[in-house]
Structure formats: C-alpha cells, structure tokens
Amino acid sequence: MGENAYKSFQLGIPDYVTIQTEEQFYVSSGKKQTVQEGSTKVEFKDAGGHQDIFLTSSDAVRCVKVRWNYLLAKESRFLADAWERSYGDLAWKGMSGSRFMPWYFLANGKDRTVCFGVKTRPSAMCYWQADTKGITLYLDVRCGGMGVLLNGRTIRAAQVVCMEAGAESSFETAQEFCRRMCTDPVLPAFPVYGSNNWYYAYGDSSEEEILSDTDYLLQMTKGTSNAPFMVIDDCWQECHELDIYNGGPWRCGNARFPDMKALAQKLVDKGVRPGIWVRLLLNKDESIPKEWKIPHNGCLDPSHPDALAYIRRDVERICGWGYTLLKHDFSTYDLFGKWGFEADLITHADGWHFYDRGMTSAEIVKRLYEEIYDASRCRDAIVIGCNTIGHLGAGLMHLNRTADDTSGRSWERTRRMGVNTLAFRLPQHGTFFHIDADCVGVIGKIPWSKNRQWADVIVQSGTPLFVSVKPGILSPQEMEDMQQLMLEASEQKHHKIPLDWQETDCPQVWAEGGDMAAYDWFENEGPVLDSRVEIFHAPAAAP
C-alpha cells in the first residue's frame with residue numbers, strides 16, 4: 001500500500017476522565033480539554049499528528065483513565081502488544097472488555113484496520129481496553145506501587161496516535177503504525193548475527209569453551225564478509241553460581257574467565273566481534289548502601305543517582321574491555337518483581353516506591369535505558385535489551401529480545417516462544433529497533449529438520465540470527481546448511497512477512513512479493529509437553 005492509504009485521525013477530547021490519587025477517585029464527564037480536581041490537572045492538546053496528554057499535580061497520583069465513546073465493530077479482531085517480552089501468547093483475538101492491551105492495539109474489521117496507541121517512551125505505563133461501548137486508555141503514573149509525587153511538575157504522560165487503513169493489508173498497516181509511534185529508532189549500522197552458547201551450556205562454560213565455540217562459529221560463517229558476534233552469556237561473572245546466582249558484581253571474571261579484557265582481544269584476533277551478557281540490577285557487592293536498593297527485592301534502584309552512576313561505571317568498564325555488543329537482561333523483573341506472563345505490570349504490589357518518588361515508574365525505566373545506551377557509546381557498542389519494556393526502550397536500544405527463551409532441549413518451547421514473537425513483533429523490526437526472536441539451540445535433542453526451519457524463517461524475515469550450536473554436533477550436510485543460513489544472515493536481504501498471522505498464532509506461510517515459504521511447525525503426534533522442560537527465571541535476589 002502507498003503511504004496515502006494510511007490516514008491519521010484523532011480521538012479528540014475524551015468523554016470521561018478519571019483521576020485516581022492515593023486519597024480519592026474523581027470522574028469528569030463531558031468533553032473538557034482541561035480537567036482539574038484539587039491540585040491535579042489533566043490537559044489534552046492537539047499536536048498535529050497526535051494528541052498530547054499532560055499531567056500536573058501536587059497530590060500523590062496513581063492513575064489517569066481516559067474514555068472515548070468510540071464504537072468498534074464487535075466482530076473485529078484485535079492485535080495487541082505485550083508489556084515486555086511475549087510468552088507465546090500474541091495473536092489476533094475477538095473483542096474482550098477485560099483484556100489488557102499494553103501500549104497499542106489494532107482492530108481489524110470487514111473493510112478497515114483501525115490503530116490506537118501511544119508514542120514510544122511515554123512517561124506513564126499505558127494500556128488500552130476496548131468494549132462494545134467505547135475504548136479506554138489507562139495511564140499508570142505510579143512510582144513503584146504508590147502514587148507519584150510530582151510536586152507541581154508537569155509531565156507529558158503520553159502522546160496518543162491513531163491511524164486507519166484498508167483491511168486487506170493488516171501486516172503493512174501494523175508496520176506503518178509502529179513507524180508512526182517511533183520516529184527516532186536507533187538501528188545497527190550493519191547486520192547483527194552470530195553465536196551464543198547459552199542453549200547448550202546453560203551457564204556452565206569457560207574461556208577455553210568460548211574459544212572453541214568461536215572456532216566452530218568461524219566454520220559456520222565461512223565465506224562471510226561481515227564478522228559475526230560471539231556472545232558470552234551468563235557464566236563469566238565473578239560471583240557466578242550455576243543455577244543459584246547470576247548477578248554481579250561485574251568487576252572481573254571468575255576462575256574460569258581469568259581476564260575478560262584479554263578474552264575480548266582473543267576473540268577479535270580470531271576474527272569475530274566480542275559480545276557479552278550482563279544483569280546490571282542484581283548485585284551483591286557489599287559496598288552498595290541499602291538506600292541504593294529497591295525495598296522489596298534488594299536490586300539496584302536506578303532512580304537513586306548514586307546507584308545509576310554505579311550502573312554506568314559497570315557498563316563503561318565492560319565496554320572498555322572491548323565488548324562491542326552488550327546484552328542487558330532481567331531489568332523488568334528486577335524492577336517490578338514480576339514476569340510479563342504472570343500479570344500486567346499495573347497490578348504489582350502496593351506499599352512500596354522507588355527512591356525518587358517524584359518520578360513515575362516509566363520515567364525511571366527510561367532513565368535506566370538512557371544511561372546504559374549512553375555509557376555503551378564509549379565503544380559504539382550494540383545494545384540488546386532482554387526482559388526489557390520495548391515501548392520504553394525504542395530509541396535507546398539497537399535490538400530487543402522480544403520473547404521468553406527458546407530452547408536447545410524442547411522443540412515445543414522454541415516453536416511456542418520463537419515463531420510467535422517473530423511473527424507478531426515483526427512490525428517493530430526496523431521501526432522500533434531490530435527484533436531478536438532468540439536463538440536456534442542445536443545440541444542433538446531437537447530434530448535438525450525443525451531447527452533448520454526455525455533458523456530459515458529468521459533468515460527469511462531479515463531479523464538477526466543467533467545460533468547456539470554445540471561444537472562438533474553438526475553432520476557434514478547440516479554444516480553445509482548452516483553455512484548457507486549464516487551467509488544469508490550476515491546480509492539480511494530477505495524480508496518475508498507472515499501471510500496467515502490473522503488465522504493462527506504460529507504462522508506457517510511467509511512471503512515477500514511472489515517468493516513464498518511454507519513451514520511445518522508441529523510434530524505429527526501433536527505438541528510434546530514435558531514438565532521437565534526448562535523455563536529459566538531469575539534466582540532469588542541478593543539479600
């Protein structure tokens with residue numbers, strides 16, 4: 001579709017506005033450009049292509065709820081985003097007035113697709129609901145679990161964006177809408193791809209094994225002109241305890257990784273780009289004062305200026321060693337104590353707040369991402385966010401790991417997490433950041449026929465391919481297949497999209513122009529459910 005097929009519109013002044021503080025609810029009916037109760041003022045301003053919502057208050061404000069009597073056909077199908085990573089649960093669904101739709105949603109009807117969202121990096125945690133009488137936008141402005149104390153400060157809580165288009169091209173519509181929600185993405189200057197040994201080592205590794213992995217990676221990428229990344233995952237840090245603790249300090253390696261700076265240079269000398277994983281907010285460095293920590297879990301609180309400076313020094317140190325890809329992980333869990341699949345973030349426990357109660361949670365998250373991104377630029381490092389809030393991170397990270405873990409052991413987990421997020425987060429690729437749908441884990445437990453398809457659809461989509469291949473595991477034919485896949489991954493020239501994404505949560509038919517590929521994702525006997533399949537979550541935080 002041409003650009004003129006997309007039409008921006010505004011919802012206009014809302015029909016109802018609800019202000020919730022720590023002390024009361026206030027509901028304003030009738031279309032009012034400015035709603036005020038006590039010291040709390042909500043203003044709606046036309047900003048041309050979008051509508052700004054401003055909040056000013058001296059009270060402890062928890063939430064602003066905005067309601068428009070905008071009717072959507074109840075036979076419409078709805079696509080929403082997720083709070084952070086997805087968990088195999090993205091899909092086009094029917095109307096449900098109780099469904100939380102974080103950040104944005106699309107409603108596809110008989111003759112059009114209508115899109116509603118907020119621009120990236122708002123100052124509130126935003127979600128939508130749609131029912132047979134209208135649509136509602138919630139702006140959660142709490143600081144942790146308590147009302148924010150703005151002390152008279154005015155924040156732009158959100159910028160509302162709306163667009164409509166013909167119904168026959170829902171994917172391109174979603175892609176264009178993402179482009180309008182994010183006007184300033186930061187994207188890698190070259191195709192990012194490579195290896196990460198997590199899905200066969202699972203944290204049990206050493207410098208010698210990393211160097212062996214690198215030699216195998218060089219075999220797999222033979223003939224490429226764009227050097228791959230060799231990413232060192234959880235395993236290298238000084239206090240690493242397998243299956244027990246995976247936090248900092250991040251000052252040096254452990255006995256199996258004696259010199260992290262020297263290792264980065266060894267990787268460069270071999271002909272790969274050095275990458276590294278880190279969990280910045282979990283840190284049991286005994287010199288960290290208690291006031292730098294979040295009260296409910298002891299993780300670092302980035303709203304405290306000294307804690308944020310400490311985090312920055314960690315990033316600068318690691319990048320200074322020579323690592324040019326930084327994958328920062330677990331920050332959403334470490335900030336809020338929940339995974340995206342457990343509950344929406346707005347229901348996290350009350351009774352606590354971050355150190356600086358004058359900032360909303362969204363502002364604190366953005367401040368963390370800004371500091372990491374800025375600190376990493378000392379080496380022009382590529383930043384990958386994992387377990388991060390993509391809508392707050394767009395423009396502050398080059399790549400986003402868009403789903404929970406795939407697997408080297410369970411095809412069902414890879415299919416459920418990987419294919420789903422690749423299809424339904426693909427409109428964000430190149431518009432918010434580059435999306436990373438996670439690794440292809442090859443350790444001999446998943447049939448190569450399935451793993452090859454998983455690698456191929458990543459390559460065909462033009463998104464970054466990371467593999468996790470146990471050295472020596474590939475047969476000669478499998479190595480030949482992998483070399484071809486990695487060659488294409490190093491160029492990222494394909495851009496196939498899912499054609500059947502409105503019909504299934506695991507799209508099988510992908511195409512670009514007249515070039516079509518069909519995949520066979522399911523086992524003949526149906527999904528294999530194994531209670532022993534790993535679901536990697538965080539060990540307990542440091543005391």
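## The β25–β26–β27 strands

In this predicted model, β25 (497–498) pairs with strand β26 (residues 509–512) in the antiparallel sense, over two bridges. If you want to find the register, look at Ile-497, whose bridge partner in β26 is Ala-511.

β26 then carries on to strand β27 (residues 515–518), and here four bridges hold an antiparallel pair. Glu-512 is matched with Asp-515 of β27. The two strands, β26 and β27, make a hairpin with two residues between them, and Gly-513 in the turn has a positive phi of about 60°.

## Two helices side by side

Just ahead of that part of the chain, have a look at helix α10 (residues 448–461) and α11, which pack at an angle of about 15° with their axes 9 Å apart. That angle makes α10 roughly parallel to α11, since anything under 35 degrees counts that way. The crossing of α10 and α11 is left-handed.

Who does the touching? From α10 it's Trp-448, Arg-452, Ala-455, Asp-456, Val-459 and Gln-460, and from α11 it's Glu-478, Asp-481, Met-482, Leu-485, Glu-488 and Ala-489. Sort the residues of this contact by character and you get six nonpolar, one polar and five charged.

## The nine-stranded sheet

Nine strands make up an open sheet with parallel pairing, in the order β22-β21-β20-β19-β18-β17-β16-β24-β23. At the edges stand β22 (434–436) and β23 (440–442); each has a single partner strand, so one side of each is left without a neighbour in the sheet. From one strand to the next, the twist averages 25°.

Zoom in on one end of that order and you find strand β21 (residues 399–401) running parallel to β22, with three bridges joining them. One matched pair to look for is Asn-400 with Ile-435 of β22.

## Backbone oddities

A few spots in the backbone deserve a second look. Gly-248 and Pro-249 are joined by a cis peptide bond, with omega about 20°. Pro-249 is found in the loop between β17 (229–232) and α4 (260–270).

Two residues other than glycine have a positive phi. For Asp-438 the value is about 90°, and for Gln-492 it is near 50°. Asp-438 is found in the loop between the edge strands β22 and β23, while Gln-492 is found in the loop between α11 (476–489) and β25. Are these two buried or exposed? Asp-438 is buried, with a relative accessible area of 2%, and Gln-492 is buried too, at 11%; both count as buried because the cut-off is under 20%.

## A buried tyrosine in a loop

The loop between β17 and α4, where Pro-249 is found, also holds Tyr-245. This tyrosine is buried, with a relative accessible area of 4%. How far is Tyr-245 from Arg-379? The two are 134 residues apart in sequence and 29 Å apart in space, C-alpha to C-alpha.

## β7, β12 and β13

Now for another set of strands. Strand β13 (residues 134–140) is mostly covered, with seven of its seven residues buried. In a regular strand the side chains alternate between the two faces of the sheet. In β13, Gly-134, Thr-136, Tyr-138 and Asp-140 point one way, Ile-135, Leu-137 and Leu-139 point the other way, and all are buried.

What does β13 pair with? Strand β12 (residues 125–131) runs antiparallel to β13 and is joined to it by seven bridges, with Asp-131 matched to Gly-134. A hairpin joins β12 to β13 through two residues. β7 also runs antiparallel to β13, over six bridges, and Val-64 is matched there with Leu-139.

## Arg-62 and its contacts

Strand β7 (residues 60–68) is also the place of Arg-62. Is this arginine buried or exposed? Arg-62 is buried, with a relative accessible area of 12%.

Leaving aside its neighbours within four places in sequence, Arg-62 is in contact with Gln-20, Thr-21, Glu-22, Leu-139, Asp-140, Val-141, Arg-142, Gly-145, Met-146, Gly-147 and Asp-350. Two of the names on that contact list, Leu-139 and Asp-140, appeared above in β13, where they point opposite ways.

Notes:
Residues are numbered from 1 along each chain as its sequence is written. This is a predicted model: local features need pLDDT of at least 70, side-chain atom pairs count only at pLDDT 80 or more; totals for chains, interfaces and linings use all residues. Side-chain values use heavy atoms; hydrogens and water are left out. Two strands pair if DSSP finds at least two bridges between them. Axes are lines fitted to C-alpha atoms, for helices over the stretch in contact, and angles run from 0 to 180 degrees between N-to-C directions. Buried means under 20% relative accessible area, exposed over 50%, partly exposed in between (1.4 Å probe, protein chains only). Angles under 35 degrees count as roughly parallel, over 145 as roughly antiparallel, 65 to 115 as roughly perpendicular and the rest as oblique. A crossing is left-handed if the near helix is turned anticlockwise from the far one by less than a right angle, and right-handed if clockwise. Contact means heavy atoms within 4.5 Å. Ala, Val, Leu, Ile, Met, Phe, Trp, Tyr, Cys and Pro count as nonpolar, Asp, Glu, Lys and Arg as charged, and the others, Gly among them, as polar.
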